[in-house]
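Please read the sequence and the model side by side. A plain report on the fold, the sheets and the ring contacts goes with them.

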Amino acid sequence: MKKTEMAVEGKPKPVLWVATSQRLIAIDMSKLKINHYESTKFEVLPLPLFNMLNLAEKDFPFGMSCFVRDSKLYMVGGEKPKPGASPLLLPRKPRKAGHDKLFGDRGLSPYVYVLDLTGLDSTTDLDLRKHHTSMLAAKPIPIVEEIEGKIYVLSGTPWQAECLLPVPTFEVYDPSIEQWKPLPEPPFHEQRLPRSQIYKVIYHSVVGTTIYVLALSDRDYSDYYYSYNVNEGNWKLVGKSVDKLPVPYPFTPLCVGKFVPAYNDIFIYIQFDRVYAAMIPSNDKSSPTCSQHLDEVDGDLLNRDVPSIRGVVVDLGEHEMCIMQPGITDS
């Protein structure tokens, strides 16, 4: 998600850009309303949209990930459904949609698409165009993170979990020279693994220059935590318990959050369907973390009648934070 401005009738208005697996939407933040949750009735109000691009209908890959740089939105990777696949299958049962084998690498996308966020207004079509560079290999549902000015992209778990991933499964993009470079293969993606040993990338987090990944093994159904430091350039198996990670619990892959911009020690994060605020001293990350459950947020404002998937936390400047916890409905 990214906050920008868009011209509406000649006047700038705040816009929140949200990229999902299937859509790219521009939300009018000035019209967002608080809708309180009641267990007996919860009205799902339509989002106030400036614009929306249905990626599946416009023949783009499903499950792309994104990053924003220099007022441009980049979307990378993903998987291309078969032509004519029902959009209703994609959120719930993407495997049944099948792959377009003629697209990319067996239906997996190595392509990068870009949208210039400057100069847009509420009537402008979202002109998402293919970038002149592509990744070295296709990446389904990728993890994308910017660290020290470079973009790191790691393959996620494809719909068809039994298919071998194109290599490299991990690479970095240097925007200053517009080049992609392969990085060491993570242990959970190495092609020499026996077919019975399949890992599914579940969650990840970034702390400083280190990427932490939680991968689930299909062989013993155990969680494995791995780390990759971009300066050291190698993968390490941290252990099978989150307690083995050398970071405060809110920074682990089990949580997702952001610091409040006006402070440097208050961290707002989501763990599953609960929202917390943590006091994390900026000068001493080894100190015990004090967390408080924000019941007035998730207990009153989140809809628990809709099956939820992992959400995101975005800082909107100063004291403003945005929490979006998407779900899947039948409508």
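The report goes from the whole chain to its sheets and then to single side chains.

## Basis and overall figures

This is a predicted model, in which local features need pLDDT of at least 70 and side-chain atom pairs count only at pLDDT 80 or more, while totals for chains, interfaces and linings use all residues. Residues are numbered from 1 along each chain as its sequence is written, and side-chain values use heavy atoms, with hydrogens and water left out.

The protein has 3 helices and 22 strands. Helices (H or I, at least four residues) and strands (E, at least two) are DSSP runs, numbered from the N terminus. Of its 331 residues, 44% count as buried. Buried stands for under 20% relative accessible area, exposed for over 50%, and partly exposed for values in between (1.4 Å probe, protein chains only).

The accessible surface of the protein is about 17300 Å², and 51% of this belongs to carbon and sulfur atoms. Accessible areas come from the Shrake-Rupley method with a 1.4 Å probe; for residues, only the protein chains shown count as cover. Among contacts in the protein with a separation of 6 or more, 47% are made by residues 24 or more positions apart. A contact means heavy atoms within 4.5 Å.

## Two open sheets

Two strands pair if DSSP finds at least two bridges between them. One open sheet has 4 strands in the order β9-β10-β11-β12, with antiparallel pairing. Its edges are β9 (143-147) and β12 (179-182); each has a single partner strand, so one side of each is left without a neighbour in the sheet. The twist from one strand to the next averages 25 degrees. Axes are lines fitted to C-alpha atoms, for helices over the stretch in contact, and angles run from 0 to 180 degrees between N-to-C directions.

Another open sheet, also of 4 strands, follows the order β13-β14-β15-β16 and is antiparallel. Here β13 (199-207) and β16 (234-239) stand at the edges with a single partner strand each, so one side of each has no neighbour in the sheet. With direction ignored, neighbouring strands of this sheet are turned by 25 degrees against each other on average.

## Strand β7 and its partners

Strand β7 (residues 112-116) has 4 of its 5 residues buried, so the rest of the structure largely encloses it. β7 pairs with strand β6 (residues 72-76) and with strand β8 (residues 129-130). The table sets these two pairings beside two from the open sheets.

| Strand pair | Sense | Bridges | Residues opposite each other |
|---|---|---|---|
| β6 and β7 | antiparallel | 5 bridges | K72 and D116 |
| β7 and β8 | antiparallel | 2 bridges | Y113 and K130 |
| β11 and β12 | antiparallel | 4 bridges | D174 and Q179 |
| β13 and β14 | antiparallel | 8 bridges | V207 and T210 |

K130 has a further role in the list of ring contacts: its charged end sits over the ring of Y111, 3.9 Å from the ring centre. A charge sits over a ring if NZ of Lys or CZ of Arg is within 6 Å of the ring centre and within 35 degrees of the ring normal. K80 likewise lies over the face of F103, at 5.8 Å from the ring centre.

## The surroundings of F60

F60 lies in the loop between β4 (49-54) and β5 (65-69). F60 is buried, with a relative accessible area of 13%. Leaving aside residues up to four places away in sequence, F60 touches L53, L55, K80, Y113 and L128. F60 and K80 are 20 residues apart along the chain, and their C-alpha atoms are separated by 7.0 Å.

## Aromatic pairs

Rings of Phe, Tyr and Trp (its six-membered ring) pair if their centres lie within 6.5 Å; planes under 30 degrees apart count as stacked, over 60 as edge-to-face and the rest as tilted. This rule gives 15 aromatic pairs. One of them is the edge-to-face pair of F170 and Y228, at 4.9 Å centre to centre and 90 degrees between the planes. F170 lies in strand β11 (residues 170-174) and Y228 in strand β15 (residues 223-229), so the pair ties together parts that are 58 residues apart in sequence. F170 is buried at 1% relative accessible area, and Y228 is buried at 2%.

Y269 and Y276 form a stacked pair, 5.3 Å centre to centre with 20 degrees between the planes. Both Y269 and Y276 are buried. F170 and Y228 also belong to one aromatic cluster with Y152, F188, Y226 and W235.
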